[in-house]
Amino acid sequence: MPQQPLAQVPKDATWQWQDSGACREADDTLFFHPPNERGLARLRRDRAAKAVCSRCPVRIECADYAIRSREPYGVWGGLTEEDRERIYARIAIAEYPRQRGEGADMCSDEIAAAISARSLGIA
Ligand code: SF4
């Protein structure tokens with residue numbers, strides 16, 4: 001597992017986008033794994049959360065926030081904890097995106113792949 005610094009809320013964080021999140025109407029237990037969840041159960045729950053994120057109008061804002069804050073837990077913007085760990089491992093700490101939108105720009109490929117048909121288990 002890559003070394004992660006502590007999560008840190010970006011100075012320019014905003015929260016209004018959360019009011020438009022598709023997860024507001026979804027089962028909130030989909031987005032955070034219960035203790036000791038493994039294997040197929042985890043894969044199914046993550047995919048169900050990603051499916052909600054895939055139709056969310058604020059997915060990019062959500063993913064951007066999670067990346068910039070190095071959010072350690074849950075599914076955000078369609079990115080699972082493992083998806084984000086790969087991002088954290090790819091980007092040097094000194095170059096880490098901090099300004100609003102930088103995370104979405106630097107990680108656009110991963111954000112798109114997170115809700116691809118393959119990632120959702122439908123291809
Ligand atoms: S992208 Fe997913 S986790 Fe983020 S607000 Fe939308 S539905 Fe919720």
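Modeller: A residue is buried if 20 or more other C-beta atoms lie within 10 Å of its own. Keep that cut-off in mind. The model here is predicted.

Biologist: Why is Leu79 called buried?

Modeller: Leu79 has 29 C-beta neighbours inside 10 Å. The cut-off is 20 or more. Leu79 therefore counts as buried.

Biologist: Where does Leu79 lie?

Modeller: Leu79 is in the loop between H2 and H3.

Biologist: Which residues is Leu79 in contact with, leaving aside its neighbours within four places in sequence?

Modeller: They are Ala63, Ala66, Arg84, Glu110, Ile111 and Ala114. To be in contact, two residues need C-beta atoms within 7 Å.

Biologist: How far apart are the C-alpha atoms of Leu79 and Arg59?

Modeller: They are separated by 9.7 Å. Along the chain, Leu79 and Arg59 are 20 residues apart.

Biologist: Which residues touch the most other members of the largest nonpolar core?

Modeller: Ala63, Ala66 and Leu79 do, in a core of 20 residues. Helix H1 (39-54) and helix H2 (59-69) are the elements that give two or more residues to this core. H2 gives the largest share, 5 residues.

Biologist: What makes H2 largely enclosed by the rest of the structure?

Modeller: Count its buried residues. They are 9 of the 11 residues of H2, so this helix is largely enclosed. The buried ones are Arg59, Glu61, Cys62, Ala63, Asp64, Tyr65, Ala66, Ile67 and Arg68.

Biologist: What do the buried residues of H2 pack against?

Modeller: They pack against H1, H3, helix H4 (102-106) and H5.

Biologist: Now H3. Which residues of helix H3 (residues 81-90) are buried?

Modeller: Asp83, Arg84 and Ile87 are the buried residues of H3.

Biologist: How do you know that they are on the same side of H3?

Modeller: Look at the arc around the axis. The buried residues cover only 90 degrees, which puts them on the same side of H3. The face turned away from that buried side carries the exposed residues Glu82 and Ala89.

Biologist: What do the buried residues of H3 pack against?

Modeller: They pack against H2 and helix H5 (108-113).

Biologist: What is notable about the phi of Arg70?

Modeller: Arg70 has a positive phi of about 50 degrees, although it is not a glycine. Most residues other than glycine have a negative phi. Arg70 follows H2 and is found in the loop between H2 and H3.

Biologist: Is Arg70 buried or exposed?

Modeller: Arg70 has 21 other C-beta atoms within 10 Å. The cut-off is 20 or more, so Arg70 is buried.

Biologist: And what about Asn36: which sign does its phi have?

Modeller: The phi of Asn36 is positive, near 65 degrees, in a residue other than glycine. Asn36 is placed in the segment before H1.

Biologist: Why is Asn36 called exposed?

Modeller: Exposed means 12 or fewer other C-beta atoms within 10 Å. Asn36 has 7 such neighbours, so it counts as exposed.

Biologist: What makes Arg98 partly exposed?

Modeller: Partly exposed is the range in between the cut-offs of 12 or fewer and 20 or more. Arg98 has 13 other C-beta atoms within 10 Å, so it is partly exposed. Arg98 lies in the loop between H3 and H4. Leaving aside its neighbours within four places in sequence, Arg98 is in contact with Pro10 and Arg68.

Biologist: Which residues come nearest to the ligand?

Modeller: Gly21, Cys23, Cys53, Cys56 and Cys62 do, among 13 residues around the ligand. H1 and H2 are the elements that give two or more residues to this shell. By class, the shell has 10 nonpolar, 2 polar and 1 charged residues.

Biologist: Now the whole chain. How many helices and strands does the protein chain have?

Modeller: The secondary structure comes to 6 helices and 0 strands. Along the sequence the pattern is α-α-α-α-α-α.

Biologist: Why is the protein chain called as compact as a globular protein of that length?

Modeller: Set two values side by side. The radius of gyration is 14 Å, and the globule rule gives 14 Å for 123 residues. The two are close, so the chain is as compact as a globular protein of that length. The C-alpha trace spans about 35 × 35 × 30 Å along its principal axes.

Biologist: What percentage of the 123 residues count as buried?

Modeller: In the protein chain, 29% do.

Note on methods: Residues numbered from 1 in each chain as written. Predicted model: local features only at pLDDT ≥ 70, side-chain atom pairs only at ≥ 80, totals over all residues. Core = buried A, V, L, I, M, F, W, Y, C linked by C-beta atoms within 7 Å. Helix = DSSP H or I, 4+ residues; strand = E, 2+ residues; numbered from the N terminus. Near = placed C-beta within 6 Å. Nonpolar A, V, L, I, M, F, W, Y, C, P; charged D, E, K, R; others polar. Rg over C-alpha atoms; globule rule 2.2 N^0.38 Å. Arc of directions from axis to C-beta.
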